[in-house]
Amino acid sequence: MKKVFLFPGQGSQYPGMCKYLYEQFDYAKDLIKISDNILEYNIKNILTNDNDELINRTKYTQPAIFIYSMILDRYLKDEGYEPSACAGHSLGEYSALVSLNIITFEDALQTIKNRANKMEDIGKNLPGSMAAIINFNINKITEILTSYDNNIVIANYNTDNQINVSGYKDSINELIRNAKDHGIRTIIPLNVSGAFHSPLMKNARIYLEKFIKSIEFHDTKTPIYQNVCPKKNFDSQKIKNNIIKQIDQPVRWSDTIKNMKNDGFKDYIEVGPKNILTNFNKKIIPELNTINCEILTENIKS
């Protein structure tokens, strides 16, 4: 069964999300054991404990979502599913790389460990935040942001009607306070620890660039669509360059899904916690067939 594999990013996590898969499958135990050695802390408790709030801290959130998504990826492939194409939202792009064997699980997790630690550190030293603007014209958003002297930028083009902005915490709070004056009816602060996909993450990109360049990337026969270049790609060097740029540049998710649809892909499965990307697809192109993998795993919870 061929489906486009979509991997979610930070914000989709919840406590205990991997509990049942860990109890049921040896490969889940094996991946988590490998992960413990790489991360140098016990990720098992964070993934399987219903009450572990550490899962909402960036340092732990990013590895947890990646590991869980990779366990689901293995589950799907054992059940006969294969990706016809892949894409991942922000952090989820690393899961897409591993699913297509472009890089190894180990290299991806080590990168994510470094990425999460650096992003959390930057969030402490340069307090940043993000907010979602709903049902508001993108051109008007761009116009409004010019008055904030580049302290706020567009971080995520999620759908035509949901745009996430990112920047200095004080500036984001000011935008939220003045939203009605700008004509914005709905703006939602996001529960994140930094200004992701903004210039505030420049030092994280510089920090990760040398490490990512040292990793072996492989060409892929199955197309990957990336956040900063949402067209199909097969070339390992281009894929590597795009993942380096991703950390401080916007996620062009709406364009990704539209390009996939134009390339003939109609069937999608979200490989990760919750159904954020499934809901995005319904808003971007309602006629696409999209389900979340967790629906398929419900039978093992009985």
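**Close-up views of a predicted model**

**View 1. The largest pocket.** About 650 Å³ of space lies in the largest pocket of this predicted model. Its lining is made up of 34 residues, and those nearest the pocket centre are Q10, G11, N164, L190 and V192. Three helices give two or more residues each to this lining: helix 4 (58-78), helix 6 (105-125) and helix 12 (276-284). Strand 3 (128-134), strand 4 (152-159) and strand 5 (162-168) do so too. Sorted by type, the lining holds 13 nonpolar, 18 polar and three charged residues.

**View 2. The second largest pocket.** The space in the second largest pocket is about 200 Å³. Which residues lie nearest the centre of this pocket? They are L31, M70, D73, R74 and V98, out of 13 residues in the lining. Helix 2 (26-39), helix 4, helix 5 (92-99) and helix 6 each supply at least two lining residues. By type, six of the lining residues are nonpolar, two are polar and five are charged.

**View 3. The salt bridge between E120 and R57.** The structure holds nine salt bridges, and this view takes up one of them, formed by the side chains of E120 and R57. The N to O distance is 2.9 Å. Side chains of opposite charge can pair when their charged atoms come close. E120 belongs to helix 6, whereas R57 sits in the loop between helix 3 (43-48) and helix 4. The two residues are 63 residues apart, and the pair links distant parts of the chain. Is E120 buried or exposed? E120 counts as buried because its relative accessibility is 8%, under the 20% limit. R57 has 34% relative accessibility and so counts as partly exposed. R57 and E120 also belong to a network of salt bridges that includes K124.

**View 4. The salt bridge between R74 and D78.** R74 and D78 form a salt bridge, with their closest N and O atoms 3.1 Å apart. Both residues are in helix 4, and because they are four residues apart, about one helical turn separates them. R74 has a relative accessible area of 40% and is therefore partly exposed. D78 is also partly exposed, at 48% relative accessibility. R74 appears in View 2 as well, as one of the residues nearest the centre of the second largest pocket.

**View 5. The salt bridge between D248 and R205.** In this salt bridge the closest N and O atoms of D248 and R205 are 2.8 Å apart. The pair links distant parts of the chain, with the two positions 43 residues apart in numbering. D248 is in the loop between helix 10 (236-245) and helix 11 (253-262), and R205 is in helix 9 (residues 202-213). D248 counts as buried because its relative accessibility is 14%. R205, at 21%, counts as partly exposed.

**View 6. The six-stranded sheet.** Six strands form an open sheet in the order 8-7-2-1-9-10, and their pairing is mixed. Which strands stand at the edges? They are strand 8 (232-233) and strand 10 (289-292). Each has a single partner strand, so one side of each is left without a neighbour in the sheet. Further in, strand 2 (residues 82-88) and strand 7 (residues 224-225) run parallel and are joined by two bridges. In this part of the sheet, C86 stands opposite I224 of strand 7.

How values were computed
Residues numbered from 1 in each chain as written. Predicted model: local features only at pLDDT ≥ 70, side-chain atom pairs only at ≥ 80, totals over all residues. Heavy atoms only, no water. 1 Å grid on protein atoms, 1.4 Å probe; cavity = no way out; pocket = protein on both sides within 12 Å on 5 of 7 lines; lining within 4 Å. Points joined across faces, edges and corners; volume = space filled by probe spheres on them. Nonpolar A, V, L, I, M, F, W, Y, C, P; charged D, E, K, R; others polar. Salt bridge = Lys/Arg side-chain N within 4 Å of Asp/Glu carboxyl O. Buried < 20%, exposed > 50% of the residue type's maximum accessible area, 1.4 Å probe, protein only. Pairing = 2+ DSSP bridges.
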